[in-house]
Structure formats: structure tokens, C-alpha cells
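Here are my notes on this structure, set out as numbered points for you to read beside the coordinates. They move from the chain as a whole to a sheet, then to the ligand and one residue at the end.

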Amino acid sequence: MTQTEPTTVRPAPSSLAGASAFPDAVPALTPGAQAVPGRRILLAAPRGYCAGVDRAVDAVEKALAHYGAPIYVRKEIVHNRFVVETLAKRGAIFVNETDEVPEGARVVFSAHGVSPAVHAQAAARNLATIDATCPLVTKVHKEAVRFAGSDYDILLIGHAGHEEVEGTQGEAPRHIQVVNGPDEVDRVVVRDPDKVVWLSQTTLSVDETQETVQLLRQRFPNLQDPPSDDICYATQNRQVAVKHFAPRCDVVIVVGSANSSNSVRLVEVALESGAGAAHRVDTADEVREEWVAGATTVGLTSGASVPEILVRDVVARLGELGFGEVEEVRTATEDIMFSLPKNLRSDLKAAGEQPDRPHRARS
Ligand code: SF4
């Protein structure tokens, strides 16, 4: 089959409007597609936006609409380049630390969470804060505080330097040490091997985390488990979906940014689960023709911070490359939704604005 290199680069979508809406169906054949019989896309479901990302992005949009621009946001609100760029165009100013925010201004904390020290810095600068920390990250913070209060050594499995890990570690820095996967188990030192608990970042690979836990348990047989799974429902569901279709895929394409932990994990999971190859792209124009040149089945999914519009673009791009048939492969249905941060919600209500969001269909 002869295929030519595409000459048009698809412009980045300019609006988030509709981006958070998860369509129930994706067109089977995109307009203009040159379908080649037998070439198909398996589309993972669930994919894309999780409830925590949906809430955080909505919080920034609502804050911009209610208070007006600029709204400062500490760190990327979620780890997705398109979302950040789009919000920046609308008046969000992204900063690394609160000392970059003018005294008294309004700042949103990202879905990844912040440590108590960051809250204190914001208070010292008299900043008005909107905390968009995902409630499932807050749950891990609370676990850390509780176990530290009982003087446990806490082994936090996660990626050192990731914002979520920094935020959780900041809750109890004297009790928490970060374990960055199986290779770091041997260097863990605890005070009392009978008083050790493990917690984890919410967006890790389920299988690799279990491997790390097993190795830790070999060293500390009385290692305590977290009260409930720290790896969140969205991370787990997206990994299960990829595991399910990967053995049937010549190639898996994951839509997500390079700094999105759960998106990067999906590439790893696809490869470990039998996909012939796996690639991550931020946007459709990064899909390379040679990746799919010899393929008949391409798996497609997206990380938890990815708006559906970016997936649709990849479907269209694959359509141009001959993949005209789309089959959605569903392994779970999600209907979780989180309320907006409390103070934002109160301000919206006081102004007679609608704080409740229309329930979005989820994939
Ligand atoms: S990936 Fe999980 S923990 Fe992170 S924002 Fe989404 S629901 Fe919350």
C-alpha cells in the first residue's frame, strides 16, 4: 500500500468547548477518510478525563468567568499541554510558586495537591486560594497525616519530584520516604520494621506497584497496607482497558502529555500486555505514518487529563491513513463526579450563579 506523508498539520483545537464532553460514539468513518478494508481502530473505554481533572479544569474556567482574568494557577492545573495552553489564552497565568503571585491575588492549586507549607505561604501573602486538589489525592494526604500521627514510617511509592508526591510528602516529611519503584526497595531504612505502612501516588502502574509492595513485604513482613487503594479508579480503569485490547493491537497510541504520569504508564502497560508497539502523542499531528504502515489494528486511548477532542483528532488522522472502522472496547463505566472546591461553590451560589455542573457523559 502506498501512502504519502501528510502535508497538512492539523491546527491545535482552539477551544475547550465540548472538550470535556465524552461522546457516547465516535463516527465510524471520518469525513474524507480513505478506508482500507480490514484496518480498524480499537478505542478504549474508559479513556480521557477523570472526575478530578474535570473538576480542576472546571474550577479554573468558573473562576475566570466569575472573578475575571487573570486567575493565577500554581503549576499546571492538570498535566496536559493543550488544556494549559487553552486556559492561558483565556486569562489563566501559570506560575511555579506562590511567591510569583501578586499579594492578595487569587490562585488555584492544581489537581495534584499541595503541601501544608504551600498553604502557609499563600496565607502569608494574603492570597485568595481555590484548592482544586483531587479529592482522591486529599484522601492519600489524610492517610499520611493519620499514620504519621501514630508514628509510622510511611513508604510512599511514587516518582520523586512529581508534584503529587511532593504534596503528600509535605504532609509528614519526617515520616515519609519516597520509594521510586522496585529498584529502590533495598535502600529503604526504617526505625521499626513492625511499624511501617506503604502508600502510593494515585497514577502509578498497578502491576509495578504490586511488585514494589511484594519486595517491600519480603523485607518487612508486617508491612501494613493502605486502608483503601491509593491508585485511583481512573488510573486503574484506563490500564485495565488497555490491557484488555493490547494483545489484539499492532500498535497502541496513547494521547497524553509527556509529564502526565498516567499517560506514560498507559504506554508501558500496552507494551507489557502484548501490543506490537506503543506511542504517546500530545496531538494528532504527532502520529507518524510509519508507525501504522504495516498495521491492521491500532488501539487508541488517552490519559486522565486529556480532553476528548484530542482523541477525536487522532481518530480523524488515522482515518486519513486508512483506518476507517472504529470499534469501542469498553471494560468499565464511570459516573463519578466531584463538586467544585467549596469556597468557589459558595461564591457562585452567593452570586446566584449555578455551581452545579451538567453531568457529563463519560466514556
Ligand atoms: S487521575 Fe485519579 S487522582 Fe488524579 S485527578 Fe484523576 S481521579 Fe484524581
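1. A residue is taken as buried if 20 or more other C-beta atoms lie within 10 Å of its own, with C-beta atoms placed from the backbone. By that criterion, 48% of the 363 residues in the protein are buried. Please keep in mind throughout that this is a predicted model.

2. The protein contains 11 helices and 12 strands. Of the contacts between residues at least 6 apart in sequence, 78% join residues at least 24 apart.

3. One sheet deserves a closer look: it is open and is formed by 3 strands in the order β7-β6-β8, with parallel pairing. The edges are held by β7 (176–179) and β8 (196–200), and because each has a single partner strand, one side of each is left without a neighbour in the sheet. From one strand to the next, the twist averages 30 degrees. As general background, strands of a sheet pair through backbone hydrogen bonds, either parallel or antiparallel.

4. Which residues stand opposite one another in this sheet? Strand β6 (residues 153–157) is joined to β8 by 5 bridges, the two running parallel; here D153 stands opposite V196, and L156 stands opposite L199. With β7, strand β6 pairs in the parallel sense over 4 bridges, and I154 stands opposite I176 in that strand.

5. How many residues of β6 are buried? The count is 5 of the 5, so β6 is largely enclosed by the rest of the structure. In a regular strand the side chains alternate between the two faces of the sheet. In β6, D153, L155 and I157 point one way, whereas I154 and L156 point the other way, and all of them are buried, the acidic D153 being listed with the rest.

6. Two helices can be placed relative to these strands. Helix α5 (residues 163–169) combines with β6 and β7 in a right-handed β-α-β unit, while α4 lies across β6, β7 and β8 and runs at about 165 degrees to β8.

7. Turning to the ligand, 15 residues surround it, and the closest are C50, G52, C134, T202 and C232. Three helices, α1 (51–67), α4 (135–149) and α7 (233–245), each supply at least two residues of the shell, and α1 gives the most, with 3 residues. Helix α4 thus appears both in this shell and across the strands of the sheet described above. By residue class, the shell divides into 10 nonpolar, 5 polar and no charged residues, a point that may interest you when you examine the surroundings of the ligand.

8. Finally, is E327 buried or exposed? This residue lies in strand β12 (residues 325–330), and because E327 has 12 C-beta neighbours inside 10 Å, the residue counts as exposed. Leaving aside neighbours within four places in sequence, E327 is in contact with R40, L42 and L43. The C-alpha atoms of E327 and R40 are separated by 7.4 Å, although the two residues are 287 residues apart along the chain.

Definitions and conventions
Residues numbered from 1 in each chain as written. Predicted model: local features only at pLDDT ≥ 70, side-chain atom pairs only at ≥ 80, totals over all residues. Near = placed C-beta within 6 Å. Nonpolar A, V, L, I, M, F, W, Y, C, P; charged D, E, K, R; others polar. Pairing = 2+ DSSP bridges. Axes fitted to C-alpha atoms, helices over the stretch in contact; angles between N-to-C directions. Contact = placed C-beta atoms within 7 Å. Right-handed = clockwise from strand over helix to strand, strands pointing away.
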